[in-house]
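Visitor: Please take a close look at the space left inside this model, and then at some of the helices and residues elsewhere in it.

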Amino acid sequence: MTKEQRAADERWMRLALGLAARGLGNTWPNPSVGCVLVKDGAVVGRGWTQPGGRPHAETHALAQAGEAARGATAYVTLEPCSHHGRTPPCADALIQAGIARCVAALEDPDPRVNGQGFTMLREAGIQVDVGCLGDEAAELQLGFLLHRSQGRPMVSLKLATSLDGRIATHSRDSKWITNPLSRQRAHLLRARHDAIMVGSNTALQDDPDLTCRLPGLPLRPAIRVIMDGRLRLSLTSKLVASARQHPTWIVTREDADPVRSEAFAGCGVELLPIAAGADGFPDIRRALEALAGRGITRLLVEGGGQLAASLVRADLVDRLHWFRAPIAIGGDGLPGIAGFGVDTVAEALRWRRVGSDNLDGDLLETFARPL
């Protein structure tokens, strides 16, 4: 492949990745895929996975291109599917449309696909090239990849703290530590995840809505998840009161009070009973597996300190989004991450900083999980 061809492939694949990003948080249990159809150096069709996972990106792009797709190159961020589900295989659709070449960023690890889409295309005489901007695509598809490889969603932990890592004062006052721009960015994070999780202490103290409220942004119906082993959440809380409008799940212990369980179910809340771990709380790894079993691929955890500590201790945090305000609260404030038994500095997890942004004086740093 020439240098010019490689540069052109990367140009069009970046456009496909940008399209795929539009669907994050809105396509589960399917991955959010982007597709660009290019012919004679011009885009003739483009698409991305639509809300709820249908139609697929390729179908969307082919419908736009029509007859212009014949002889075109399809740039897709993930291998076209090869199995019959609610819709016919995208590999078949590309073949029928008469494309000449397919450039894909990643192979689909789903056992129903796993290279079979590429095989179908090659057997139809279509040139297939795999790996263009694969690292960027893997980052975008991390939730889907972890769902298929580890049976759990990608976990993003969001912290909004003072300079000294506190999420509230000793009197539990926390509004507002970060500024309005930071809070807007936090809502954008909500929009890009399938579900939002908090612990029971946070739910009781803050009585949050856990919805995405950004002007001009289409509704993103993220699932609201509360870790509440003892079912302490109030039946009159905002989360329970709005459960029929905004899906709300409570992860609780298997031996939770049956009367309370029935009351929550009567309010439209779905309960996920999980065996308790050694600490008496629902086992966090099993909780993530239960969420994945219901199709969740991207989970945003917003607090509190105990829940954050359990995830960090188990090395289950894939991305850490730390909003830091230029204020100091002091050691008697509540920590963003509670203690989790680190005895020596050598035992501490060391994160990789992958991004930094100044938000009108607040600092947002993004970290990737330790290698």
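Guide: The answer starts with the pocket, goes on to the cavity, and then turns to two helices and two strand residues.

This is a predicted model, in which local features need pLDDT of at least 70 and side-chain atom pairs count only at pLDDT 80 or more, while totals for chains, interfaces and linings use all residues. Residues are numbered from 1 along each chain as its sequence is written, and side-chain values use heavy atoms, with hydrogens and water left out.

The second largest pocket (an open set of points on a 1 Å grid over the protein atoms alone, with protein on both sides within 12 Å along at least five of seven lines) holds about 500 Å³ of space, a volume being what probe spheres fill when set on points joined across faces, edges and corners. Its lining (residues with an atom within 4 Å of a point) has 21 residues, and those nearest the centre are Glu 139, Arg 192, Arg 298, His 321 and Thr 366. Among the elements giving two or more residues to this lining are helix 5 (134–140), helix 7 (180–191), strand 13 (319–324) and strand 16 (362–368), where helices (H or I, at least four residues) and strands (E, at least two) are DSSP runs numbered from the N terminus. Sorted by class, the lining of this pocket consists of 10 nonpolar, 4 polar and 7 charged residues; Ala, Val, Leu, Ile, Met, Phe, Trp, Tyr, Cys and Pro count as nonpolar, Asp, Glu, Lys and Arg as charged, and the others, Gly among them, as polar.

A cavity is a set of points where a 1.4 Å probe fits but cannot get out, and the model has 1 cavity of 30 Å³ or more. About 80 Å³ of space lies in the largest cavity, which is lined by 15 residues, with Leu 24, Pro 31, Ser 32, Thr 297 and Arg 298 closest to its centre. Helix 6 (residues 142–150) gives the largest share of that lining, 3 residues, and the lining as a whole has 6 nonpolar, 7 polar and 2 charged residues.

In helix 4 (residues 116–123), Gly 117, Phe 118 and Leu 121 are buried, that is, under 20% relative accessible area with a 1.4 Å probe and protein chains only. These buried residues line one face of helix 4, because they fall within an arc of 100° seen down its axis, taken from the directions from the axis to the C-beta atoms. Helix 3 (90–97), strand 4 (101–104) and strand 5 (127–130) are among what covers them, and just after helix 4 Gly 125 takes a positive phi of about 85°.

Helix 11 (residues 284–293) has Ile 284, Ala 287, Leu 288, Ala 290, Leu 291 and Ala 292 as its buried residues, and just after this helix Gly 295 takes a positive phi of about 100°.

Thr 73 lies in strand 3 (residues 73–76) and is buried, with a relative accessible area of 14%. Not counting residues up to four places away in sequence, Thr 73 touches Val 36, Leu 37, Val 38, Arg 101 and Val 103, contact meaning heavy atoms within 4.5 Å.

Arg 166, in strand 7 (residues 166–168), also counts as buried, at 18% relative accessibility. Although Arg 166 and Gly 330 are 164 residues apart in sequence, their C-alpha atoms are 7.6 Å apart in space. Leaving aside neighbours within four places in sequence, Arg 166 is in contact with residues including Ala 160, Ile 177, Gly 330 and Pro 335.

Notes:
Buried < 20%, exposed > 50% of the residue type's maximum accessible area, 1.4 Å probe, protein only.
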